2 protein chains.
Amino acid sequence: MESESAILALAALAQPTRLEVFRLLVRHEPDGRPAGEIAEAVGVPANTLSSHLAVLSRAGLVTAERRSRSIIYRADLEGLRTLVLFLLKDCCGGRADICAPLLAELAPCCD
Amino acid sequence: MESESAILALAALAQPTRLEVFRLLVRHEPDGRPAGEIAEAVGVPANTLSSHLAVLSRAGLVTAERRSRSIIYRADLEGLRTLVLFLLKDCCGGRADICAPLLAELAPCCD
DNA sequence: TAATTCGATAATATTGGAAGTATGGAATCC
DNA sequence: GGATTCCATACTTCCAATATTATCGAATTA
């Protein structure tokens, strides 16, 4: 992952409404949720949410699929993985001594 | 990690100069680098860099230590780990089915 | 001297009203 | 019945106001 796309993803998540939307969509994997329902859930007008969804989409963190009148948004976990990998690579680049312990500590995250 | 501090860290890294500074400091672990040297390396005036370092510091991603006239900055890898953990928890929260494969893919990052 | 803080300016992001686009249901016309 | 029109819904785009962030010269502190 290039710095440039990492910055897009970091900036996308560095905003309260967008972070909340992303987390909501992760919780609703793999079904996703229509834009209107997301807007209601996070309490922002439809147009405001729409621009936030566009930012997340450009950052590769959500995907959109039209279903009849609704547009279903889903979290793109591959995008998240790419971002996490980028952050870890920052420490790993040729320096497993730094990265290995860090990675070891991550394992219990699924408990 | 609270969303609020996650947002601080995400925002801190979502800026080209700051991301570059952070990566530079990770490469120079565990010695760190004085502010002036960092400023020269990234090609930014001292005062501009200073405010960027303050942002990284508030986000818990770097630490500062005065050494005689210089101030030595170091990457705070624990802060990075906390951020990565936060991002992963987004998928893990009670859903190891999503997180496990993602985590498995991260392992090769140290190669 | 090395670095930070202050203050002013420029650039960028967030927000939401109003208008625009896409979809599909229901009434109307041949 | 099939096509057309009209309407409501679900979103998005456009645009302008407001807020936040980035940058750097000048003054300040350690």
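**Notebook: loops, helix 3 and the two-fold**

I started with B:Pro30, which lies in the loop between helix 2 (16-27) and strand 1 (33-34) of chain B. This is a predicted model. I checked the peptide bond from B:Glu29 to B:Pro30 and found it cis, with omega near -5°. I then looked up the bond from A:Glu29 to A:Pro30, which is cis too, with omega near -5°. A:Pro30 sits in the loop between helix 2 and strand 1 of chain A. I flagged both bonds because most peptide bonds are trans.

Next entry: phi values. I noted A:Ser68, which is not a glycine but has a positive phi of about 55°. I placed A:Ser68 in the loop between strand 2 (62-67) and strand 3 of chain A. Is A:Ser68 buried or exposed? Its relative accessibility is 64%, so I put it down as exposed; the cut-off is over 50%. For B:Ser68, I read a phi near 55°, again positive in a residue other than glycine. B:Ser68 belongs to the loop between strand 2 (62-67) and strand 3 (70-75) of chain B. It counts as exposed, because its relative accessibility is 65%.

Then I turned to helix 3 of chain A, residues 35-42. Which residues are buried there? I found A:Ile38, A:Ala39 and A:Val42. Viewed down the helix axis, the buried residues fall within an arc of 100°, so they line one face. I recalled the general rule: residues three or four places apart in an α-helix point the same way, because there are 3.6 residues a turn. On the face turned away from the buried side of helix 3 of chain A, I listed the exposed residues A:Gly36, A:Glu40 and A:Ala41. The cover over the buried residues includes helix 2 (16-27), strand 1 (33-34), helix 4 (46-58) and strand 3 (70-75) of chain A. After helix 3 of chain A comes A:Gly43, with a positive phi near 70°.

I looked at helix packing in chain B. The axes of helix 3 (residues 35-42) and helix 4 (residues 46-58) of chain B come within 9 Å and cross at roughly 105°. That makes the two helices roughly perpendicular. From helix 3 of chain B, I listed B:Ala35, B:Ile38, B:Ala39 and B:Val42; they meet B:Ala46, B:Leu49 and B:Leu53 in helix 4 of chain B. I sorted the residues of this contact into seven nonpolar, no polar and no charged.

Last entry: symmetry. I laid chain B on chain A by a turn of 180° and a shift of 0.0 Å along the axis, with an RMSD of 0.0 Å. That is the relation of a two-fold axis. In chain B, the C-alpha nearest the axis belongs to B:Leu10, 2.7 Å from it. Of the interface residues of chain B, 98% are also interface residues in chain A, so the copies meet through the same surface.

Conventions: Residues are numbered from 1 along each chain as its sequence is written. Chains are lettered from A and ligands numbered from 1 in the order in which they are written. This is a predicted model: local features need pLDDT of at least 70, side-chain atom pairs count only at pLDDT 80 or more; totals for chains, interfaces and linings use all residues. Side-chain values use heavy atoms; hydrogens and water are left out. Buried means under 20% relative accessible area, exposed over 50%, partly exposed in between (1.4 Å probe, protein chains only). Helices (H or I, at least four residues) and strands (E, at least two) are DSSP runs, numbered from the N terminus. The arc is that of the directions from the helix axis to the C-beta atoms. Contact means heavy atoms within 4.5 Å. Copies are superposed by least squares on the C-alpha atoms of residues with pLDDT of at least 70 in both. Axes are lines fitted to C-alpha atoms, for helices over the stretch in contact, and angles run from 0 to 180 degrees between N-to-C directions. Angles under 35 degrees count as roughly parallel, over 145 as roughly antiparallel, 65 to 115 as roughly perpendicular and the rest as oblique. Ala, Val, Leu, Ile, Met, Phe, Trp, Tyr, Cys and Pro count as nonpolar, Asp, Glu, Lys and Arg as charged, and the others, Gly among them, as polar.
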